[in-house]
Amino acid sequence: MSADPKSVRVTHEGILSQLSRLGWSTLVPISIWRSDRPWSIRSVQWFLFFTLFPLFLVGFTNLARSDFRDVTYLFAIYFATTWGLVIWLFVRPEKIGILDIVRVSLFTSITGVFLVVLLYQLPIMRQLAGASQNSDFLKRAIGTFLGVATSEEVVKAIPLLWIFVRNREPGTVREITYLGCVSGFAFGVSEAVAYSMFYAQTVARGHMPLGVYVVVQLSRLITLPLLHAVFSGIGAQFIALGVETPSRRRALIFAGLVIAVFLHGAYDLFTSIGLGFPIAVGAVLLFIAYVRSIEAMRSAIRASQEVTSP
């Protein structure tokens, strides 16, 4: 069978000739891009941010001659924003304004951290914080749960209680739950920066191997702010349920804080003996289970009201 003459002719054409036949508009379809406007698509904007922001930081920090603390803050915020989008896609809050995110973040990262430091100046809290480092397991557990975990989870809940309970601003269960995660991220970022300074000084003194430093530093920047968000997000869901159910409000808020404190304290306590990973897995799965159970919990709460109503 003889070959098709046209096929033979095309096969023997040079690259330049083939490019000429294709044409510039085929290879670089600018007119299609202008009409499609992919840069205006929200998912594309987020993709650009998460892909290019670290590269931007490389140039920016060199030009600005940023110190270690500034660089750590920027990267911690970057990772928290990444997780914030993931949690947003999962929680699906009906409407979240940038102002809500900013004011919750600023309160927790500035006022909240200050309140924690202030609390640790009180004699009882100072003793509990010291007990969290005790070699005796029981004393360490008491200090961890009643000192560290309780103070941090209460502080992370304060902006939500102030906005939605005291000021009675409108907010759905999913919106308040998400803002609880935002508060957790803000606290986790501030904590990550403080610990990062400590880690860097420890390495500089030669008391920490570089391999260990890389692991603990990345954990502080990437994973631990997420765990803070998970703990406070669970507590925030209970606050949100209490907001829409005044007759059960105090019980729901108390239950949410207790659960958040328990998970936080358990992670801190068992991390000291090498068992933090399974606690972290359980906390994340529990957060997912709670978010997926929002409607079922609302129905159960309404049913409890009907049972006790006269």
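This is a short tour of a predicted model, stop by stop.

**Stop 1: the main core**

Start with I87, F164, I234 and F287. Within the largest nonpolar core, which has 45 residues, these four touch the most other members. Next, colour the helices that build this core. Those giving two or more residues are α6 (68–91), α9 (137–166), α10 (173–204), α11 (210–243), α12 (249–271), α13 (276–292) and α14 (294–308). Which element gives the largest share of this core? Select α11: the largest share, 14 residues, comes from there.

Now zoom in on F164. Leave out residues up to four places away in sequence, and F164 touches E169, P170, G171, I176, L179 and V243.

Then move to F50, F53, L57 and Y78. They are among the 5 residues of another core, which lies apart from the largest one.

**Stop 2: I239 on α11**

Select I239, in helix α11. Buried or exposed? I239 is buried, because its relative accessible area is 1% and the cut-off for buried is under 20%. Show its contacts beyond four places in sequence: A157, L160, L161 and I253. Next, draw a distance from the C-alpha atom of I239 to that of G112. The two residues are 127 residues apart along the chain, and these atoms are separated by 18 Å.

**Stop 3: T108 on α7**

Go to T108, in helix α7 (residues 98–119). Its relative accessible area is 0%, so T108 is buried. What does T108 touch, not counting residues up to four places away in sequence? Select V113, K156, P159, S183, A186 and F187.

**Stop 4: S190 on α10**

Keep V113 displayed and add S190, which sits in helix α10. S190 has 10% relative accessibility, so this serine counts as buried too. Setting aside neighbours within four places in sequence, S190 is in contact with Y73, S109 and V113. V113 is thus on the contact list of T108 and on that of S190.

**Stop 5: a nonpolar patch on the surface**

Switch to a surface view. Select I15, L16, L19, L22 and L27. Together they form a nonpolar patch on the surface, with about 520 Å² of accessible area. Which helix gives the most to the nonpolar patch? Helix α2 (residues 15–22) does, with 4 residues.

Finish on L16, also in helix α2. L16 is exposed, because its relative accessible area is 71% and exposed means over 50%. Set L16 beside I239 for a last look: L16 is exposed, whereas I239 is buried.

Notes. Residues are numbered from 1 along each chain as its sequence is written. This is a predicted model: local features need pLDDT of at least 70, side-chain atom pairs count only at pLDDT 80 or more; totals for chains, interfaces and linings use all residues. Side-chain values use heavy atoms; hydrogens and water are left out. A nonpolar core is a set of buried Ala, Val, Leu, Ile, Met, Phe, Trp, Tyr and Cys residues joined through side-chain atoms within 4.5 Å. Buried means under 20% relative accessible area, exposed over 50%, partly exposed in between (1.4 Å probe, protein chains only). Contact means heavy atoms within 4.5 Å. Patches are made of residues with over 30% relative accessible area and no salt bridge: like charges are joined within 9 Å, nonpolar side chains (Val, Leu, Ile, Met, Phe, Trp, Tyr) within 5 Å. Accessible areas come from the Shrake-Rupley method with a 1.4 Å probe; for residues, only the protein chains shown count as cover. A salt bridge is a side-chain nitrogen of Lys or Arg within 4 Å of a carboxyl oxygen of Asp or Glu.
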